[in-house]
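Colleague: Mind walking me through this one? I'd like to hear about the empty spaces, a helix pair and any odd backbone spots.

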Amino acid sequence: MSNSIRRRKIALIGAGQIGGTLALLCGQRNLGDVVLFDVVEGMPQGKALDLSHLAPVFGLDFKVTGTNNIADIAGADVCVVTSGLPRKPGMSRDDLVKTNAEIIKKVAAGIKEHAPGAFVIVITNPLDAMVHLMQKETGFPTSHVVGMAGVLDTARYQAFLAEELNVSVSSVSAFVLGGHGDDMVPVRSYTTCNGIPVGNLIKSERLDAIEKRVRGAGGEVVALLKTGSAFYSPAASAIQMVESYLFDQRRVLAAAASLKGEYGLKDLYIGVPVIIGKGGVEKVVEIELTESEKKALNESAGRVRELLAII
Ligand code: TXD
């Protein structure tokens with residue numbers, strides 16, 4: 001019986017801006033072999049070939065293939081789904097719902113057929129509705145279908161706070177919960193600078209402005225790029241979730257998870273603190289929220305339900 005560890009297989013469904021960046025990060029962090037799938041003829045194959053030329057430069061021995069055949073994801077341990085259209089300036093994430101819902105249904109059928117044991121991380125917007133749809137369409141356990149947004153929104157909150165305090169980003173611990181939309185909930189009461197509550201360090205009106213910028217950070221990048229949305233930070237955020245699963249790290253991360261009564265919400269995917277380990281989303285962590293935070297989370301849940309009604 002060989003005791004060598006089987007190399008993991010990571011399927012990236014969507015080989016666009018985020019998908020391509022994910023492939024690079026998977027290689028750089030030696031997470032396993034990568035399959036890039038996309039419907040655009042030749043594009044995933046071109047990115048895979050380019051990445052195979054990068055490998056020797058950094059001494060990376062990861063196999064990366066590009067394909068237009070969904071069957072090539074067979075046996076993937078992890079599927080990261082970015083398939084769909086990104087926003088253009090002036091568009092809301094919600095404007096994507098109908099188009100991307102159809103794409104997610106197609107992708108879900110492919111994952112269900114070819115990678116039934118995979119841990120599925122959905123990135124496609126509008127995130128909370130798309131991850132809910134992915135779980136319904138695949139029928140996978142809710143532990144194995146999760147949405148990436150909270151890690152990104154939390155990182156944006158950390159970045160702005162670290163800049164404000166002129167400290168290392170590693171000294172800021174934060175949480176952003178709720179839907180991945182303008183109503184997301186930066187949880188100030190659990191946000192600290194090395195254990196010191198940020199409310200003790202930054203004036204309330206400055207924190208209000210920073211939290212408003214967090215809610216609008218995606219749109220700020222879209223307005224500057226004009227031809228797409230953020231991709232480096234979303235990719236990095238998803239990699240943190242992939243690693244927590246593959247290496248059974250049991251990190252506590254903000255992620256769009258299925259609620260079954262936690263926070264008074266059920267049959268809904270929304271951003272909450274979760275523990276991700278080898279069992280996928282192993283636990284939803286319930287934290288005490290202030291009355292205003294509870295109200296904001298419920299309002300955010302209401303927005304997600306409105307999106308689900310459209311689908
Ligand atoms: O935090 C978050 N969750 C968000 C998510 C952060 C940033 C971006 N957010 C959303 O991710 C964005 O609004 C989009 O819905 C997705 C992907 O963003 P990306 O910037 O990677 O978009 P691209 O570059 O357009 O890539 C999408 C690819 C593109 O190459 C299409 O050809 C492909 O998706 N696509 C498909 N792939 C597979 N299968 C099907 N059916 C398909 N349809 C399109």
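**Cavity, pocket, helices and backbone**

Modeller: Let's start with the lining of the largest cavity: its residues divide into 7 nonpolar, 5 polar and 2 charged. Keep in mind that this is a predicted model.

Colleague: Okay, which residues lie closest to the centre of the largest cavity?

Modeller: The structure holds 1 cavity of 30 Å³ or more, and about 50 Å³ of space lies in the largest cavity. Its lining counts 14 residues, and those closest to the centre are A149, G150, D153, G178 and G271.

Colleague: And which elements give two or more residues to the lining of that cavity?

Modeller: There are helices as well as strands on that list. The elements are α4 (127-138), α5, β8 (176-177) and β12 (251-260).

Colleague: Now the largest pocket: which element gives the largest share of its lining?

Modeller: That pocket has a volume of about 840 Å³ and is lined by 40 residues, with T82, S83, G84, L85 and P86 nearest its centre. Two or more lining residues come from each of α1 (17-28), α3 (97-114) and α5. The largest share is 5 residues, and it comes from α3.

Colleague: How does the lining of the largest pocket split by class?

Modeller: Nonpolar, polar and charged residues each have a part in it. The split is 20 nonpolar, 15 polar and 5 charged.

Colleague: On to α5 and α7: are they parallel or oblique to each other, and why?

Modeller: Helix α5 (residues 150-165) packs against helix α7 (residues 232-246) with the axes 8 Å apart and at an angle of about 120°. Angles of 65 to 115 degrees count as roughly perpendicular and those over 145 as roughly antiparallel. This angle falls in neither range, so α5 and α7 are oblique.

Colleague: What is the make-up by class of the contact of α5 with α7?

Modeller: The crossing is right-handed. From α5 come V151, L152 and R156, which meet S233, P234, S237, Q240 and M241 in α7. By class, that makes 4 nonpolar, 3 polar and 1 charged.

Colleague: Which peptide bond is cis?

Modeller: Most peptide bonds are trans. Look in the loop between β5 (119-122) and α4, where P126 sits. With omega near -10°, the cis bond is the one from N125 to P126.

Colleague: And which residue has a positive phi although it is not a glycine?

Modeller: Most residues other than glycine have a negative phi. The residue to look at is in the loop between α7 and β12. With a phi of about 50°, it is D248.

Note on methods: Residues numbered from 1 in each chain as written. Predicted model: local features only at pLDDT ≥ 70, side-chain atom pairs only at ≥ 80, totals over all residues. Heavy atoms only, no water. Axes fitted to C-alpha atoms, helices over the stretch in contact; angles between N-to-C directions. Helix = DSSP H or I, 4+ residues; strand = E, 2+ residues; numbered from the N terminus. Parallel < 35°, antiparallel > 145°, perpendicular 65-115°, else oblique. Left-handed = near helix turned anticlockwise from the far one by under 90°. Contact = heavy atoms within 4.5 Å. Nonpolar A, V, L, I, M, F, W, Y, C, P; charged D, E, K, R; others polar. 1 Å grid on protein atoms, 1.4 Å probe; cavity = no way out; pocket = protein on both sides within 12 Å on 5 of 7 lines; lining within 4 Å. Points joined across faces, edges and corners; volume = space filled by probe spheres on them.
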